[in-house]
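Please open the structure in a viewer and keep the selection tool at hand. The tour below proceeds stop by stop, naming what to select and then what is found there.

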Amino acid sequence: MSVRSHSTFRIGMFIILFLMASASLAPFVYLVVTSFVTDMSQVFKNGLALKIKWDMLSLESYRLLVEDDGGKYFNWFKNSIIITALSTAISIVFCAMVGYGITMYEFRGKKLLFVLVMSTMMIPVEMLMIPLFNIVKFFHLTNNYFGVILPFAVAPFTVFFFMQYARSLSKEFMEAARIDGCGEFRIFISIMAPLMTPAFAAMMVLQATNAWNDFLWPLIVMSSSQKFTLTVGIQTYLSPYGNNYNLLFAGAVLSVIPVVILFLFCQRLFMEGFMQGGIKG
Amino acid sequence: MMTKRTAPYFFCLPFVISFAVFMVYPMIDMVYRSFYKLEGVSTYRFVGLDNYEKILSDPHIGNAVWNTVWFTVGITVVNLALPLFLAIALNNRLTPLRNLFRSAFFIPALTSVVVAGIYFRLFFAGNPDTPLNWLARVVGLGARDWLNAKETGVIALVLTSTWRWLGLNILYFLAALQTIPRELYEAAHVDGANAVRRFLYVTLPSIKPILIFVTTVMVYGGLRMFGESYVLWNGKSPGDIGLTIVLYVYRTAFGFFDMGYASAISVVFFIFLMVVNLVYIKSMGFLGGGRKG
Amino acid sequence: MRKTLILLLLGVLAAAAVLAGCQSKSSGGTGGSTSSGTQQQSPKGEKTTLTFWTYVEQHGEFFRDAAESWNRKHPDEQIEIKAETYPLEDMHSKLLITLQSGDGAPDLVDVNVARFSDFMLGGEEVFVPLNDVIEPEKSSFLEAVLDIYKYNGNYYGIEYHVGAPMMYYNTEILDQAGVKVEDIVTWDDLHEAGKKVLAATGKPIITFEVKDSWSYYIMTGERGGDYFDKSGNVIIDSEENRKTLEFMLEMLADGTAIITPGGWFHSEEYYGFMAKGGAASMLEAMWYMGRFTDYMPELAGKIRMAAPPVWDEKSVYPVFGGTATSVTKQSKHQDLAVRFLADAKISAEGAAKIWNVLGFDPLRWDIWETDAMKQDNKFTQYFGKDIFDIVLGMKDKFHPSNITASPKFSQANSLVANDILFKVLGEKSETPEQALKSAADQLSR
């Protein structure tokens with residue numbers, strides 16, 4: 001291509017991408033700006049047609065959020081962090097184990113297991129809520145962090161991802177280690193797992209995001225509002241008898257920030273995990 | 001002690017346990033429950049196949065299926081074409097600020113459905129002054145209440161979901177695109193192929209596995225749609241607009257407390273999904289495949 | 001980088017596990033400092049915490065206020081209310097789940113009238129009978145509304161209000177058309193007035209909901225229409241219901257009525273629409289006053305309340321309450337909770353507060369004519385001082401609807417709110433007869 005068409009291409013591409021990226025980020029901008037609006041009745045009467053003037057802005061929403069019911073928002077924050085951390089850690093450890101096990105070994109039942117993993121990937125968990133709750137109750141895990149975490153710890157998609165990623169590992173390497181006298185589990189922990197670090201990073205971000213944003217299951221398991229996660233808590237502000245917009249917007253903005261920070265922090269590794277070897281099919 | 005023979009069983013144990021306890025048992029429970037009717041708080045009355053008969057004559061099921069199917073089609077098409085286009089754009093060396101745009105598209109994937117719902121409910125509101133309605137008036141479509149009609153309802157669902165799922169799909173495609181060796185493009189260029197032909201005959205075939213993967217994820221995701229539907233209509237859809245199958249099950253179970261009927265619908269839906277799944281697995285030859293390389 | 005990542009992960013995991021461990025030990029069950037044993041009074045000076053679930057924020061405040069009054073009167077039996085507000089659907093789901101699982105239900109809970117019957121069947125008693133506190137005071141109450149929550153001779157819940165249907169007129173618009181509120185007695189009068197308003201201002205005189213059923217239920221209830229008869233038989237496809245829908249279609253046809261923006265009266269679009277003077281009236285109940293004061297302050301002084309139009313001399317005013325508060329059987333302080341509830345809602349003082357704080361028409365109508373109802377509050381400031389006289393004028397024509405006659409009421413209500421009104425009035429894809437018949441079929445199965 002000539003230099004001139006290079007430039008036209010660049011400019012054209014930039015414009016298109018800029019427009020689309022703006023559309024992608026617009027909701028956040030709107031949420032953030034609106035969270036500073038003092039008089040929320042303006043918001044819900046005009047919705048997105050709201051015209052913002054400087055004197056309409058203040059930190060009122062955030063103040064209300066902090067004060068609401070003795071700062072229960074921060075409890076929600078704490079709960080979300082704990083659940084997300086535990087859920088992510090447990091999940092990636094177990095899923096990596098399973099994915100690794102299925103891919104790296106030949107054994108009876110391997111095909112069956114494979115089919116099972118694929119099948120469970122498409123089960124909508126929303127439909128299993130009632131019996132799942134009964135089980136959680138049976139184990140006395142209601143209103144408990146582990147009641148929220150355990151049923152979904154071994155997420156089929158994560159298993160599937162590790163399965164695919166493990167395909168890029170070499171079995172010869174394992175043989176060599178065995179000859180050297182390494183036990184199977186040691187091979188996994190010391191040698192193979194570190195090779196899957198990008199996968200860990202990728203799944204960590206994904207799993208953390210899912211755990212952070214999950215709203216239906218925590219709502220069912222936790223009966224006390226002090227134990228809610230952020231997403232559930234924010235949802236309770238969406239009451240049909242009068243949306244509490246101040247708390248809603250401020251709460252939503254604050255809930256997005258941690259995950260975005262985590263992502264930006266891990267971005268490089270995350271991209272690597274995805275790009276390299278994730279889903280070659 | 002773990003040997004080479006027994007190791008896989010240990011490694012796969014978490015899944016097996018989890019599967020048995022948190023999937024198999026609930027499903028059995030659900031099948032069992034589908035033959036009963038809940039009365040009051042915890043009294044179940046045996047009703048045999050009543051619940052299943054009800055499915056056949058329930059008009060809402062038809063609406064839910066219509067919405068779910070159209071939504072699945074919409075979301076799959078949009079989320080194959082758009083991310084692919086954007087991935088190609090982002091993959092091109094000439095494109096400025098690639099990494100920045102890539103992150104910009106991905107960030108919505110980090111938000112929760114609730115947050116998306118807050119914004120998109122206002123976005124699709126019937127207020128004639130919203131940006132969307134302004135655009136609609138400009139192109140001659142006329143302002144409308146997007147969330148109050150069947151067809152536009154599905155469009156709203158597709159757009160809301162796309163916003164959150166786009167970034168991830170772009171990443172998948174980007175990953176796949178980066179595995180295509182440049183020599184292939186150069187060879188095609190030498191052979192006289194223009195950009196379009198290069199796309200059709202080099203790009204597409206090379207990323208076929210990823211295309212299949214994304215299609216799978218989208219179809220599954222579409223059939224399972226619940227969250228966006230719930231937050232856009234606050235759980236109550238007039239005339240079943242935006243009602244998806246899973247949302248209907250949820251409403252039947254927790255809105256009407258009709259656990260038995262909800263279970264029956266779930267069972268039927270599961271069977272359907274199973275069939276789809278088995279067909280898919282077989283056709284992809286996954287059952288035969290092991291490891292590559 | 002990899003090592004750091006792994007260390008980071010382990011660190012977070014460890015920290016989280018420690019925190020979680022601390023949490024799970026003190027978890028399990030709701031309320032905080034409950035005293036040991038059941039049915040006991042807490043020792044002198046110690047506060048008992050009662051958990052309360054509701055779906056209306058203001059109700060929580062009401063009970064907190066009531067707790068303060070209680071504490072003043074009963075210094076040795078102090079109560080602290082822990083109120084939690086959830087969205088309506090979610091709250092009822094949680095209530096069902098916790099009642100089913102036998103653990104986690106609150107002491108006090110608001111139950112929506114349309115859902116109450118769902119909890120009453122099956123022979124298991126999940127709420128505490130309130131007969132002991134209701135019977136002595138029964139004569140001061142509008143018995144019809146008490147009976148809504150009476151099953152097998154026991155009262156299981158106590159209402160907030162009568163829920164008198166009420167019409168709200170925007171006098172500013174009416175004045176422009178030369179229409180006087182007093183001249184509107186029947187629905188036909190409203191229709192005629194609507195034509196005048198349309199001609200003079202181009203605005204509709206009323207809007208009809210397509211996403212909620214209550215204003216329709218009032219309209220059809222006036223002429224005796226209902227979803228079930230007293231024995232629980234399906235009568236949703238009755239002629240009365242059909243005629244009401246046909247009347248609404250007439251008004252929609254000539255523009256004197258339009259579909260409520262946003263679909264129902266609790267939507268943001270509607271508040272915005274009315275605040276800008278979009279329509280000249282609306283039909284709902286007394287409890288809607290709070291919406292005007294809270295969300296449409298611009299209309300203060302311009303809204304006049306009046307008895308709703310009727311069909312003819314035989315018309316009645318259907319009353320069906322709205323929300324009841326009950327004490328769950330899982331409560332460890334049933335006796336205390338019941339007595340507190342009585343003080344908050346049944347006593348004369350409590351009833352007066354229901355009016356002054358919540359703006360509701362209390363069940364206890366022996367105080368309706370007292371000065372308690374004429375006190376200055378935000379409602380009298382908005383609507384004028386003689387609001388309660390209007391209700392008094394309607395009193396004789398109150399007629400309880402068959403809202404608890406069938407456990408399928410919530411389903412019927414949902415069909416009307418989500419299907420019928422929308423299809424008949426909105427999309428116009430079905431005739432009243434078709435829609436009602438289809439609903440009757442679904443309910444009869």
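## First stop: a sheet in chain C

Select β2, β1, β3, β13 and β6 of chain C, which in that order form an open sheet of 5 strands with mixed pairing. At the edges stand β2(C) (79–85) and β6(C) (158–159); each has a single partner strand, so one side of each is left without a neighbour in the sheet. Helices and strands here are DSSP runs numbered from the N terminus, a helix being H or I of at least four residues and a strand E of at least two. Two strands pair if DSSP finds at least two bridges between them.

This is a predicted model, in which local features need pLDDT of at least 70 and side-chain atom pairs count only at pLDDT 80 or more, while totals for chains, interfaces and linings use all residues. Residues are numbered from 1 along each chain as its sequence is written, chains are lettered from A and ligands numbered from 1 in the order in which they are written, and side-chain values use heavy atoms, with hydrogens and water left out.

Next, select β6(C) together with β13(C) (residues 323–327): these strands pair in the antiparallel sense over 2 bridges. Within this pair, Ile158(C) stands opposite Thr325(C) of β13(C). Strands of a sheet pair through backbone hydrogen bonds, either parallel or antiparallel.

Two helices may now be added to the view. Helix α13(C) (residues 334–346) lies across β1, β2, β3, β6 and β13 of chain C and runs at about 150 degrees to β13(C). Axes are lines fitted to C-alpha atoms, for helices over the stretch in contact, and angles run from 0 to 180 degrees between N-to-C directions. Return to the edge strand β6(C), which pairs with β13(C) in the antiparallel sense. Helix α3(C) (residues 88–101) also packs on the sheet, where it touches β1(C) (48–54) and β3(C) (108–112), and its direction makes about 120 degrees with that of β3(C).

## Second stop: an enclosed strand and a buried threonine

Is strand β10(C) (residues 281–285) enclosed or open? Since 5 of its 5 residues are buried, β10(C) is largely enclosed by the rest of the structure. Buried means under 20% relative accessible area, exposed over 50%, and partly exposed in between (1.4 Å probe, protein chains only). Colour the two faces separately: Ser281(C), Leu283(C) and Ala285(C) lie on one side, Met282(C) and Glu284(C) on the other, and all are buried. Then add β7(C) (residues 165–170), which pairs with β10(C) in the antiparallel sense over 5 bridges. Met166(C) stands opposite Glu284(C).

Now select Thr220(C), in helix α9(C) (residues 214–222). Thr220(C) counts as buried because its relative accessibility is 0%. Leaving aside neighbours within four places in sequence, Thr220(C) is in contact (heavy atoms within 4.5 Å) with Gly225(C), Glu240(C), Asn241(C) and Thr244(C).

Before leaving, view chain C as a whole. Its secondary structure comes to 18 helices and 14 strands, and buried residues make up 59% of its 445 residues.

## Third stop: chain B

Chain B holds 13 helices and 2 strands. Its C-alpha trace spans about 75 × 70 × 30 Å along the principal axes, and 58% of its 293 residues are buried. Select helix α5(B) (residues 113–123), which is mostly covered, with 11 of its 11 residues buried. Among these buried residues are Tyr119(B), Phe120(B) and Arg121(B).

## Fourth stop: two helix pairs in chain A

Two packed helices are described by the angle between their axes and the distance between the axes.

Select α4(A) (residues 72–104) and α11(A) (residues 197–213), whose axes come within 8 Å and cross at roughly 140 degrees. The contact includes Phe77(A) and Ile81(A) of α4(A), and Phe200(A) and Trp212(A) of α11(A). By class, the contact of α4(A) with α11(A) has 10 nonpolar, 6 polar and no charged residues. Ala, Val, Leu, Ile, Met, Phe, Trp, Tyr, Cys and Pro count as nonpolar, Asp, Glu, Lys and Arg as charged, and the others, Gly among them, as polar.

Finally, select α5(A) (residues 110–121) and α8(A) (residues 156–166), whose axes come within 8 Å and cross at roughly 135 degrees. This contact includes Phe114(A) and Met118(A) of α5(A), and Phe157(A) and Met163(A) of α8(A). By class, the contact of α5(A) with α8(A) has 9 nonpolar, 1 polar and no charged residues.
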